[in-house]
Amino acid sequence: MKKYILKHSDIYKGNLILVNKEHKINTEINSNNLVSFNNNYSNILLDESANKFLQIILKEINGLNQIIPVSGYRSLMEQEEIYFSSIKENGEDFTKKYVALPNSSEHQTGLAIDLGLNTGKIDFIRPSFPNSRICDNFRKTSINYGFIERYESEKENITGIGKEEWHFRYVGYPHSVIMKEKNLCLEEYINYLRQYEKDSLKYKNYEISYIPYNNEDIELTIENNTVISGNNVDGFIITRNMHEK
């Protein structure tokens, strides 16, 4: 058993933080706590768990040479440069559709990755990642390792971002599978979990619950098989693997 004291600042940490124009990055991540995608792409950084499972996926589908990383973690300065450069080069309408505002970008969390099909020529803003063959295999496999395709066309009115078939976000298992099965984007999923404040969502070996933050520190005693994440909105999501001790 472990004792935790959840503070207000903890709302803004974890695999399930919601980042968009309404819920911005609260704290700049220290890039020293991130890892390189691999030796060939040492400049592309990711959260350690996200990168671990990303490598497992690519190895499982034999996609290491066919799929390449295009963009991982970005600092606030990098996101500002990309955003304002895109406005100059592509115009405001295009940029608002495909580039998140600074401090509203998932890339600033280290939990997001843009991937491209290795065709030799890569568009940094909109890399090719078609719904076929190895790319489609990645989509289907990645769900089982905690990744979601974050921006889909039917959710554009909710996410505020156009369809980005190349942009994947790590949220962790089983959340990725639940979201896919219920056809929920991250905004909808965070709202959906609020109903499990007094009960828990049971999915296979897992129990998932929500704890709101009410302006006071929260003391918890949890088992070692439990993961806590803030939601970057108003509370915490508790995920317990009942088969692990």
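## A tour from helix H6 to the four-stranded sheet

Begin by selecting Asn183, the residue that follows helix H6; its phi is positive, near 55 degrees. The model on display is a predicted one, and every stop below refers to that model.

**Helix H6.** Extend the selection backwards to residues 175–182, which make up H6. Colour His175, Ser176, Val177, Ile178 and Met179 separately: these residues of the helix are buried. What do the buried residues of H6 pack against? Display strand E6 (147–151), helix H7 (186–192) and strand E8 (201–203), then add strand E9 (206–212) and strand E12 (235–241); the buried residues of H6 pack against each of these elements.

**Ile143.** Next, select Ile143, in the loop that connects H4 and E6. Is Ile143 buried or exposed? Its relative accessible area is 14%, and the cut-off for a buried residue is under 20%, so Ile143 counts as buried. Leaving aside residues up to four places away in sequence, Ile143 touches Ile148, Tyr173, Ser176, Val177 and Lys180. Two of these names, Ser176 and Val177, were already met among the buried residues of H6. For a distance across the chain, pick the C-alpha atoms of Ile143 and Ala50: they are 12 Å apart, although the two positions lie 93 residues apart along the chain.

**The open sheet.** Now display E4, E5, E7 and E6, in that order; these four strands form an open sheet with antiparallel pairing. Why does one side of E4 and of E6 lack a neighbour in the sheet? Strand E4 (67–71) and E6 stand at the edges and each has a single partner strand, so one side of each remains without a neighbour there. On average, neighbouring strands of this sheet are turned by 45 degrees against each other, direction ignored.

Zoom in on E4 and strand E5 (residues 112–117), where four bridges join the two strands in the antiparallel sense. One pair to label is Ile68 with its bridge partner in E5, Gly116.

**Helix H4.** Add residues 133–142, which form helix H4. This helix lies across E4, E5, E6 and strand E7 (164–170), and H4 runs at about 30 degrees to E7.

**The cysteines.** Finish with Cys135 and Cys185. Cys135 is buried, with a relative accessible area of 1%; Cys185 is buried as well, at 5%. How many disulfides does a search of the whole structure find? The search returns zero.

Methods
Residues numbered from 1 in each chain as written. Predicted model: local features only at pLDDT ≥ 70, side-chain atom pairs only at ≥ 80, totals over all residues. Heavy atoms only, no water. Buried < 20%, exposed > 50% of the residue type's maximum accessible area, 1.4 Å probe, protein only. Contact = heavy atoms within 4.5 Å. Pairing = 2+ DSSP bridges. Axes fitted to C-alpha atoms, helices over the stretch in contact; angles between N-to-C directions. Disulfide = S-S within 2.5 Å.
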